[in-house]
Amino acid sequence: MTTLGEPFKAAVLSLRANKLRSALTTLGIVIGVAAVIVVVSLIQGLKGSVMAQIERAGSNALFIRPSMPGDMPFEEFLKLRDRDLTLDHMRALAAAEPRILAVTPVFFSGGEVKHGGRSTSTQVYMTDETWLEQNKVNLVQGRNFVPADLRLRSKVAIMGPRLIEKLGIKGNPIGQFLTVNSLSLEIIGLVEEQGATLGNDPDNALIIPITTGMATLADSQRRQLIFQARYEPTMASEDAEDMVREALRRIKGVRPKEREGFRVISQKQVASIMDTVTGAITAVAGGMVSVALLVGGIGIMNIMLVSVTERTREIGIRKAVGARRGDILMQFLIEAALLSVLGGALGILGGFVIGALVGKALLGTIGAIPAWALVAGFGVPAGIGLLFGMYPAAKAAKLDPIESLRYE
C-alpha cells in the first residue's frame with residue numbers, strides 16, 4: 001500500500017529546488033482565485049451598503065415609483081394609460097388611508113453647486129420636511145424644512161458634510177449662500193456623515209424643498225416622482241403593499257384588470273432583487289474567472305510535463321531502488337496539488353487585501369467574504385491541480401526504469 005509520507009516529502013523537496021518556476025507556475029491560479037475573492041467581496045459590500053440604506057427607512061417603509069420598461073414586456077409598457085406620479089397623487093394617498101403615517105416625495109437630479117468662486121458637482125435631493133425623519137438622518141447643525149418652506153417655495157438648502165470641504169466653506173455654513181441649477185439658496189442645515197456607496201454619496205448631496213426644485217425641472221420630470229410611504233408597524237408588509245396599491249389605483253382611476261403605471265416595492269422585494277442581481281453578477285464573473293483558472297491548470301500540466309522529462313533519470317533511480325509505480329504517481333500528483341493549493345492560498349490573501357482596499361474606496365465598507373468563497377478558493381485549485389497533474393503523473397509512473405537510467 002502506497003503511503004503519503006515519502007511522496008509528499010519528495011514533492012516538497014522538488015518544489016523547493018525550483019522556487020522561481022514554482023512561483024510562476026502558480027501565478028495563473030493566484031490571479032484567478034484573487035479575482036473571485038475581489039468580485040465576491042465587492043458584491044457583498046455593495047449589497048450590504050444598499051440594504052443598509054434601505055433599512056434606514058425602517059421595516060415599515062414602502063417605495064413607490066413610476067413603471068419602467070423592465071417591469072413588463074415592452075409592448076405592454078407602451079400600452080400603459082397613465083405612468084404619472086405627482087405631488088397631488090402623494091397628497092391624495094396620504095389622505096386616503098389613516099394607516100399610512102407619512103408619504104415622502106423625492107426626486108434626484110444632478111447639478112453644479114457654486115460658492116465663493118469654487119464649484120463642484122453634487123446630487124440634489126428634492127423632497128419635503130419628512131425625508132430626514134423617514135430615513136433616520138440627523139441634523140448636526142441648523143434646522144430642517146418646515147411646511148412653510150414647501151408652501152412658499154423657500155430658497156433654502158440642507159447640505160452634506162463633504163460639500164463643505166469641496167466648496168471650501170469657512171466658519172459656520174448656516175446662513176451662507178450657494179448656487180445650484182440657477183437657484184440661489186441659503187444654507188439652513190447640515191446633516192451627519194453617512195458614508196458613500198458605489199455611485200451614491202449622500203455626504204456630497206444637497207437637499208432642497210421639492211416645490212422649490214420643481215421650478216428647474218421639465219414638465220415630464222415633475223410627473224415622475226418617487227414616493228416613500230411609512231405605514232403602521234402593526235401591519236404586515238404584504239397587507240400594506242395591497243393597501244397602497246389599491247388606494248393609488250382608485251386615486252389614479254385605474255380600471256379593473258388594467259395594469260397600473262406604478263410599482264410598489266417593499267424591503268423584501270429590494271432584498272430579492274439584490275440577491276438576483278448579485279447572483280447574476282457572481283455567476284458571470286465566476287465564468288470569466290474560470291478561464292484564468294483553466295489557463296493556470298494548463299500551465300501546471302505543462303510545467304509538470306517538463307519536470308517529468310527533466311527528472312527521467314531520477315525516476316529511474318527511484319524505481320531501481322524500490323519505488324513503486326504508485327509512489328511515483330502520488331509524488332507528481334502531490335506536486336501539482338501543492339502548486340494549486342499554494343496558488344489558492346496566495347489568491348485568497350491577495351484578493352482579500354485588494355477587495356478591502358477597493359471596497360473601502362468605492363463603497364466605504366469592506367464586504368464580508370462568505371465561507372463558500374474561501375472553501376472554493378482552496379478546493380477548486382486543488383481539484384484543478386489533480387486534474388491537470390494526472391496525465392504528467394501517469395506518464396512519470398509508466399516510465400521504464402532501465403530506459404530511464406539510460407536517459408541523458
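Are Tyr 125 and Trp 131 buried or exposed? Both of them are buried, where buried means under 20% relative accessible area, exposed means over 50%, and partly exposed is in between (1.4 Å probe, protein chains only).

Before going further, some ground rules. This is a predicted model, in which local features need pLDDT of at least 70 and side-chain atom pairs count only at pLDDT 80 or more, while totals for chains, interfaces and linings use all residues. Residues are numbered from 1 along each chain as its sequence is written, and side-chain values use heavy atoms, with hydrogens and water left out.

**Confidence**

The score to know here is pLDDT, the predictor's confidence in each residue, from 0 to 100. The protein averages 80, and 80% of the residues score at least 70. Confidence is highest in strand β5 (residues 156-159), at 95, and lowest in helix α16 (residues 401-406), at a mean of 57. Those labels come from DSSP runs numbered from the N terminus: helices are H or I with at least four residues, and strands are E with at least two.

**Aromatic rings**

Let's go back to the rings. A pair of aromatic rings is described by the distance of the centres and the angle of the planes. Rings of Phe, Tyr and Trp (its six-membered ring) pair if their centres lie within 6.5 Å; planes under 30 degrees apart count as stacked, over 60 as edge-to-face and the rest as tilted. By this rule the count comes to three aromatic pairs. Two of them are in the table.

| Pair | Centre to centre | Angle between planes | Type |
|---|---|---|---|
| Phe 74 and Phe 77 | 6.1 Å | 25° | stacked |
| Tyr 125 and Trp 131 | 5.4 Å | 65° | edge-to-face |

Phe 74 and Phe 77 both belong to helix α4 (residues 74-79), where they are three residues apart, about one turn of the helix. Phe 74 is partly exposed, with a relative accessible area of 47%, whereas Phe 77 counts as buried at 9%. Phe 77 also has a charged visitor: the charged end of Arg 83 sits over its ring, 4.2 Å from the centre. For that label, NZ of Lys or CZ of Arg has to be within 6 Å of the ring centre and within 35 degrees of the ring normal.

Tyr 125 and Trp 131 join Phe 108 in one aromatic cluster. Trp 131 has another link too, since its backbone oxygen is reached by the side chain of Asn 135 at 3.0 Å. Asn 135 lies in the loop between α6 (131-134) and β4 (139-142) and is buried, at 10% relative accessibility.

**Unusual phi angles**

Most residues other than glycine have a negative phi, and most peptide bonds are trans. Which residues go the other way here? Asn 181 has a positive phi near 50°, and Ser 182 has a positive one near 70°. Asn 181 is in the loop between β6 (177-180) and β7 (183-191), and Ser 182 is found in the loop between β6 and β7 as well. Asn 181 is partly exposed at 28%, while Ser 182 is exposed at 71%.

**Two helices**

Helix α11 (residues 237-252) has 16 residues. Its buried residues include Ser 237, Met 243 and Leu 248. Right after α11 comes Gly 253, with a positive phi near 70°.

Helix α14 (residues 325-362) holds Ala 356, which is buried at 14% relative accessible area. Ala 356 and Leu 42 are 314 residues apart in sequence, yet 8.3 Å apart in space, C-alpha to C-alpha.

Notes
A polar contact is a pair of N or O atoms within 3.5 Å; within protein, one must be able to donate a hydrogen and the other to accept it, and residues adjacent in sequence count only if both atoms are side-chain atoms. The expected span of a helix is 1.5 Å times one less than its number of residues.
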